[in-house]
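Student: I would like to go through the packing and the surface of this model. Please show it first.

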Amino acid sequence: PDEFSPLVECLLPQQVLSIDPCFYFGNLSKVVLSGPWHVEDDYAFVPTPVDTSMINLPSYIENIRDRLAENIHEMWAMNKIEAGWMYGERRDDIRKIHPCLIQFERLPPAEKRYDTQLAVQTLKTILALGYHISMDKPPSRIKNIRLPNEPFMQSNGYKPAPLDLAAISLNPKMEELVDQLAENTHNLWAKERIQQHWTYGLNEDPDMLRSPHLVPYSKVDEAIKKANRDTASETVRTLLVYGYNLDPPTGEQHEALLAEGLRLRQQSFRTYRVEKNYAVTNGKWYFEFEILTAGPMRVGWARADCPPGFQIGSDEYSWAFDGFNEEKVYLGTAESFGRQWQVADVV
């Protein structure tokens with residue numbers, strides 16, 4: 001538009017402009033667009049990892065710490081090399097060069113400490129989440145993955161050798177634990193970075209202490225999420241391959257943890273609004289829709305002057321039905337209503 005700068009001038013060096021698909025509703029002829037709205041970008045990200053301050057590791061659990069830390073590094077190195085990275089003395093994200101593609105014992109103290117702390121925090125987090133860790137008879141022999149020299153052998157003679165965990169499968173409870181650990185790993189990392197005076201930045205800049213990943217876990221890049229989840233999965237399976245048993249929590253504490261996790265996931269929302277096409281002055285009217293995806297969602301009616309940044313049903317301007325939680329919502333108050341919808345339902 002007139003008096004506005006071209007969008008390209010808003011980009012920083014090396015920043016890539018991405019165009020994402022979006023639904024547009026409104027009066028296009030009048031250049032009026034409604035939704036989707038970003039409604040939670042105006043507050044500071046404060047990472048809140050699981051509190052493990054009161055957790056003490058029994059000796060039979062602490063014995064696995066160093067082996068966990070080393071395997072975390074070996075898995076990270078294998079995944080990095082598979083993604084095209086190689087060893088070099090100075091990190092270069094553009095050329096995919098990393099100085100930590102070396103043996104675990106040769107890692108810089110800060111990096112080794114991070115892997116070790118991650119292993120300890122993961123074990124403590126499992127206990128803090130209500131799981132019980134017991135020791136069974138360990139296997140007589142644990143194999144490592146034998147990777148080919150190409151492309152895994154590095155110029156410094158290092159080749160990753162993570163544990164072979166192919167035979168270990170995870171049940172749904174263990175998968176749930178992996179998701180919790182993955183998010184907690186991000187929060188631990190972010191908390192440590194902030195304590196080291198890092199702040200959010202569009203590009204990774206170690207000299208200026210900027211990182212684009214200092215955001216809530218729901219907004220983290222999918223590649224980071226996958227890396228965190230892979231690490232958590234490998235950690236849980238490493239415990240299992242060494243003969244440890246993980247018994248999930250039961251009772252009120254577990255239900256409270258699940259409820260809190262659901263509440264946090266539902267804090268992130270977008271509002272899509274279809275503008276009126278017909279004037280209605282009397283009678284009873286309805287609309288219908290088909291459920292295409294699972295998960296939390298509210299659908300309902302809103303007045304024309306409904307504030308676009310508010311979740312539907314949270315104030316006096318809108319009324320909502322939440323078929324995920326089986327409730328109707330008005331003024332932020334929910335009442336039990338209807339039944340839970342499923343994908344392909346027409347409501």
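Student: Leaving aside neighbours within four places in sequence, which residues is Leu-177 in contact with?

Tutor: Contact means heavy atoms within 4.5 Å. This is a predicted model, in which local features need pLDDT of at least 70, side-chain atom pairs count only at pLDDT 80 or more, and totals for chains, interfaces and linings use all residues. Residues are numbered from 1 along each chain as its sequence is written, and side-chain values use heavy atoms, with hydrogens and water left out. With neighbours within four places set aside, the partners of Leu-177 are Ile-126, Leu-129, Tyr-131, Val-236 and Leu-246.

Student: Which element gives the largest share of the largest nonpolar core?

Tutor: A nonpolar core is a set of buried (under 20% relative accessible area, 1.4 Å probe, protein chains only) Ala, Val, Leu, Ile, Met, Phe, Trp, Tyr and Cys residues joined through side-chain atoms within 4.5 Å. The largest one has 32 residues, and Leu-177 is among those with the most contacts inside it. Two or more residues each come from α2, α3, α5, α6 and β8, where helices (H or I, at least four residues) and strands (E, at least two) are DSSP runs numbered from the N terminus. The largest share, five residues, comes from α3.

Student: Is Ala-166 buried or exposed?

Tutor: Ala-166 lies in the loop between α4 and α5. Exposed means over 50% relative accessible area. Ala-166 has 69%, so Ala-166 is exposed.

Student: How does Val-280 count, by its relative accessibility?

Tutor: Val-280 sits in the loop between α7 and β9. Partly exposed is the class between buried and exposed, from 20% to 50%. Because its relative accessibility is 46%, Val-280 counts as partly exposed.
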